[in-house]
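Here are a few exercises to help you find your way around a new structure. Try each task yourself, then check the steps below it.

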Amino acid sequence: MERAVVYVTLFGLLLALVTTLPIKEDWDIYSFHINSTVTSRYATTVITSRVANRMDESKEIEFHVRIPKNAFISKFRMFIDGQLYDGAVKAKEQAQQEYTDAVSRGQSAGIVSSVGRTLEEFKTSVTVAPHKKVTFELTYEELLKRRIGKYELQIHARPMQPVKDFKVDVYIHEKAGISFINVQGGLSTKDLANAITKTHADKQAWVYFYPTEDQQKTCDSCGEQGMNGDLVVVYDVNRNASIGDIKKSSDGYFVHHFAPSNLTRISKNVVFIIDQSGSMSGRKIQQTRIALLHILSDLAEDDYFGLITFDGEIFHWKRELVQASKENLDGAKEFVQRINDRGATDINLAVLEGARMLNAHPREGSASILILLTDGDPTSGVTNLGRIKSNVKEAIAGKFPLYCLGFGYDVNFEFLKTMSLQNDGVARRIYDDSDADLQLRGFYVEVATPLLTDVTMIYLGGTNLTQTNFSQYYDGSEIVVAGQITDNNVETFIPQVVALSRNSKVTFSETNITEIVSDDLIQRVWAYLTVKQLLEKELQLSGPEKDKVKEEALELSLKYSFVTPLTSMVVTKPPGESTDVLHKPKEGGTHTNPQRGSGLGLAGGSAGGSHSFLTTSAIIQPPPPPPRSSGRAGRLRNYSRRRKIYPDYGMLPALKDHRRKIYPDYGMLPALKEDAPLPPMPSVAVPPAVALMPSVAEAPPPPPMPSGAAPLSHRFLLKAENQSIPLCFDITGNERLKLLHSPSRELSVNGELDSVADGGFTKIVIRVKADLYIDIDVNNIIVRDGQTLTPHTGEEHITAGSVTVIKRNKEVDVATGDIRIVILLHERHGEKFLWPVLRQHPSDNNIEGILALKPAVYEELQQTPSSRLKINEQEVDVDRSGAVDYSIVSRPTLGCWLVSADAALQRPLDDFIVAQL
């Protein structure tokens, strides 16, 4: 009997596609984490999804995701019953042979391919035994491109069901300093905006998205199937040095980011070549007219331009370039309004005429650009693609770039891409959609402001360099070069950039600008860029040269485990189950969707390109379940695979960054062993109710301080509105603090500071209504619902009433309604303590407590001889100090203005002290 197929979708820098809505009772995505780390513009994203089969029979669970087209998958693995199954990157021919051999044995095969504008698809599946779990983990890497003065990290979420333990963590580290960071997209609006927290501290930034389960159903693009929308992290870096930002690794690799901004724009000569053949009829030609009218309005008065339309013939507005005066622009706009679809498509004639117009109008100190928009193949005149490319290359002769815009899916995009690359340009697909005019205008903005031409990147003492010659550099873009320093000798390594500006030749040259960063990171940036450029070069070559470049790209792809058009990911599974082979497609491949069981395996994808899986299937008997693990109830356990976790944050309580004086810890439970070997995904049995614990309201007072001990001090940070420096204040003594109170929700969160100088919280108690408590200390999580007491012993969530409690590595996540609190477990100098973070702010303002404090509003009045701030109309003396921010896992040190607690809180501190937890 055919097994049911359950589709599990992933999200985060990817878009999930689900062809069938699974039955909720069949399966449960009980944990979904996206962790994206960006260092020096290089993003590494890890998606971890944990899924449980809730049925009494085996189910095939499908992992189905989309990733950015520019990204390379570098790792995929599954954890099933404590067993790790690693994917392996192999040469495409070898992977294809493995697939073919399986098909020849009579095993079925199939592919599902679909793609969006900027994404490619990844899919595999595995059989999961009854009441067992599987963990999927996918890693991919990409170098973020700077466009229009910003980098964008896109996260698209469509889980197809609300997920209790859902979080997106983004960490950005740029040694040049982050100039700004914003969060945009449909998932950043209305109530979901409260689920986003952001911290920016000079060279580092953290963005977190923690929507509650309820919120995943109620946003504009949400429903019972969960979220469906985008979260986009936008940022840029400081650019102090004219030559840019150069980093090196200790083993001699370097990467150079060049993007000077203090340059005078160069006037341009631009010719627009517009396809008006019959296939452009309807919405395409209407949107082209709209876009051209806006683009003409954006031309500067010292620009020169020309307009050509073509079908089987060519039509000029003017036969020569003219200045962008108001009179000429008005005339050109009238010409644009009369553009109508008709006839065939003679691309050769049109592009050669555009090149002639630019060649006939040389202007010193200007930049020339040729832009072609077409939606189909050549059908008249010269139709041989090789001959067209040869003719165009000869006509342009390296004097200016050709940008090709392919409108829709019928265009031969590979032909346009090759022709652009051969002439120092790029190709861009314009999607036939309601916003096509905005896509056209968006592309033009990227090339609208040339700042440099004939850019040559020179590296004396450098070798194995990526591309070093660029025809033009545009405002808001960036040139990136990577390579190796000969003999790793920095003394003989001299970088230099030579280019033409508006009126003269310019040279950028500085010394002593290199800084050492992670070896692996810089080397992988070099490998990523090298493979990308070799693949582009291969498109332009033929014969032995093409084979040589292809072999070099393949060798690097295998060495660095990149899934590229030359390699495939072979996904290994339990014995007897199917073998999946993932191919990275070419842009513009043919969309194919054969049915499972057809016996056919077809590589390819839709017009945007997709990762295609060739899948061989065989029904297997699931492996026997592992023996149930044992251990003391209540002990904190970490069953997750150990990996680097980047920071969480929210409200900013923090600690001073100096060695703490340690005093005896009265009542602290024994510390847990953090590195005890534990299986990754055990089944957890919830123990029966135990004896009723004493009411937390009756907890005994904290122990007295040791005789002669210095007063305890805990430092807190308070974000500032529109200011880069936060406020900080100290609370003396091991007080019990009101962290968050919401009378309308019958919710209170209180915490007890520990008995260690500059420590944190030793216990936090969350109370919901009259009879539901969550009691958290450094060793235990106990949920009391009425007379039922439940210790939290594993990583699956506990639900009690309206509250969900999730235990993760070194953090506890508590959600109730539209509030989500994360409690971090820290250790410093051998002492453990808790730190609370309000990850999801409630939708109303009827809350109070330290976690509910709004950002401070202050004004700097003077810096010398003493510092004074005006905080909410009150002038106070302040000192410049520092604090370690313990609301973030990595504990960054932040500069702050140290003020009294009353001044920071704008109320007496006594208002935040409670008598009992």
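**Exercise 1.** Find how many bridges join strand 10 to strand 15, and which way the two strands run.

*Solution.* Start with strand 15, residues 229–237: 7 bridges join strand 10 to it, and the two run antiparallel. (A strand here is a DSSP run of E with at least two residues, a helix a run of H or I with at least four, both numbered from the N terminus; two strands pair if DSSP finds at least two bridges between them.) For one concrete spot, look at tyrosine 151, which stands opposite tyrosine 235 in strand 15. Now zoom out: the 3 strands of this open sheet come in the order 10-15-12, with antiparallel pairing. Strand 10 (151–157) and strand 12 (178–184) are the edges, each pairing on one side only.

Before going on, note that this is a predicted model, where local features need pLDDT of at least 70 and side-chain atom pairs count only at pLDDT 80 or more, while totals for chains, interfaces and linings use all residues. Residues are numbered from 1 along each chain as its sequence is written, and side-chain values use heavy atoms, leaving out hydrogens and water.

**Exercise 2.** Work out which strands pair with strand 9, and whether its residues are buried or exposed.

*Solution.* First, strand 3 (residues 42–53) pairs with strand 9 in the antiparallel sense over 11 bridges; there, serine 49 has phenylalanine 136 as its bridge partner. Next, strand 5 (residues 72–80) is joined to strand 9 by 8 bridges, again antiparallel, and lysine 75 stands opposite threonine 139. Finally, check the cover: 11 of the 11 residues of strand 9 (133–143) are buried (buried is under 20% relative accessible area, exposed over 50%, partly exposed in between, with a 1.4 Å probe and protein chains only). Val134 and Phe136 are among those pointing one way, Lys133 and Thr135 among those pointing the other.

**Exercise 3.** Say where lysine 769 is found and why it counts as partly exposed.

*Solution.* Locate the loop between strand 40 (761–768) and strand 41 (772–777): lysine 769 is in it. Lysine 769 counts as partly exposed because its relative accessibility is 47%. Glycine 801, 32 residues away in sequence, is 9.9 Å from lysine 769, C-alpha to C-alpha.

**Exercise 4.** Which elements have the lowest and the highest mean pLDDT?

*Solution.* Begin with the whole chain: mean pLDDT (the predictor's confidence in each residue, from 0 to 100) is 79, and 79% of residues reach 70 or more. Then go element by element: strand 7 (residues 108–110) is lowest at 32, and helix 5 (residues 347–359) highest at 97.
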